[in-house]
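Subject: Structure for you to look at

Dear colleague,

I am passing on the structure we spoke about, and below it you will find my notes on what turned up in it. Please read them with the model open beside you.

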Amino acid sequence: MTNTGDFRRYSYSSDTVYAVQAFNVQRSSAAPAYDPTPKRGRDLKVRENSGKKSRSQLIKEQRLGFRHLVRICVVSVLSLAMIFSILYNYTKKNELTHAISALQTELSTAESENTRLNSKLDSMVSMSMIDQYAVEELGMTKIKSSQIRYIDVAEYKEERIAAAQLLLQEND
């Protein structure tokens, strides 16, 4: 809710005063008179051109002015060249930064793919997966205890040694 008396806080009288002073006829629109006294510490001197310059002096001043112009142009060109080289280096740095970030993204993708493939390989090499593949794909069955045969290695060694001695005797 607003109070209807709030507009009294704002005064527009100062704007009216400025508007009335703009039409003040006592002020003059003419430029102020020249006052040769120095103001606030500035030491200005007015010098009159006392004489004409000779042709050689004019040529000398022209050459000096041309040298200043050349210096200004050279400094400007060098400044622009430095600015453009800085901008070029920033753009190259920006491009290389983007290339590095793209390669890092590609590397992280390849590393995650490698991890995924390694875990898949580990799961495929597990004993349960080998048993499942042997039973389902190859049609094998699990071994029963009645199918297990034990071999006496000592007898096997004796038989092999005897066979080797017989072969040596036959060759002699």
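Lys53 and Glu61 are joined through their side chains by a salt bridge, with 2.6 Å from nitrogen to oxygen. Please keep in mind that this is a predicted model, and that the distance is computed from its atoms. Neither partner of this bridge is buried: Lys53 has a relative accessible area of 44% and is therefore partly exposed, and Glu61, at 40%, is likewise counted as partly exposed. In general terms, side chains of opposite charge can pair when their charged atoms come close.

The structure holds four salt bridges, and two others deserve a description here. One of them brings together the side chains of Glu95 and Lys92, at 3.7 Å from N to O. These two residues lie three apart in helix α2, which covers residues 55-125, so that about one helical turn separates Glu95 from Lys92. An α-helix has 3.6 residues a turn, so residues three or four places apart point the same way. Glu95 is partly exposed, its relative accessible area being 48%, and Lys92 is partly exposed as well, with a value of 35%.

The other bridge is formed by the side chains of Asp131 and Lys142, at 3.9 Å from N to O. This pair links distant parts of the chain, since Asp131 sits in helix α3 (residues 127-136) while Lys142, eleven residues away, belongs to the loop between α3 and α4 (153-171). The two partners also fall into separate classes of exposure: Asp131 is partly exposed, with a relative accessible area of 34%, whereas Lys142 is exposed, with 58%.

As for the chain as a whole, its secondary structure comes to four helices and zero strands, and the elements follow one another from the N terminus as α-α-α-α. Of the 172 residues in the chain, buried ones make up 1%. The accessible surface comes to about 17800 Å², and carbon and sulfur atoms account for 59% of that surface.

Two patches on the surface may interest you when you look at the model. The nonpolar one is formed by Leu80, Ile83, Phe84, Ile86, Leu87 and Tyr90, which together have about 630 Å² of accessible area. Ile86, one of its members, is found in helix α2, the helix that also carries the bridge between Glu95 and Lys92, and Ile86 is partly exposed, with a relative accessible area of 45%.

The second patch is one of negative charge, where Asp152, Glu155, Glu158 and Glu159 gather on the surface. Glu155 is found in helix α4, and with a relative accessible area of 48% this residue is partly exposed.

What span does α4 reach from its first C-alpha to its last? With 19 residues, α4 reaches 27 Å between those two atoms, which is close to the 27 Å expected at 1.5 Å a residue. The number of buried residues among the 19 of α4 is zero, and this helix therefore lies largely in the open.

With best wishes,
A colleague

Conventions:
Residues are numbered from 1 along each chain as its sequence is written. This is a predicted model: local features need pLDDT of at least 70, side-chain atom pairs count only at pLDDT 80 or more; totals for chains, interfaces and linings use all residues. Side-chain values use heavy atoms; hydrogens and water are left out. Buried means under 20% relative accessible area, exposed over 50%, partly exposed in between (1.4 Å probe, protein chains only). Accessible areas come from the Shrake-Rupley method with a 1.4 Å probe; for residues, only the protein chains shown count as cover. Patches are made of residues with over 30% relative accessible area and no salt bridge: like charges are joined within 9 Å, nonpolar side chains (Val, Leu, Ile, Met, Phe, Trp, Tyr) within 5 Å. Lys and Arg count as positive and Asp and Glu as negative; His and the chain ends are not counted. The place of a charge is taken as NZ of Lys, CZ of Arg, CG of Asp or CD of Glu. The expected span of a helix is 1.5 Å times one less than its number of residues.
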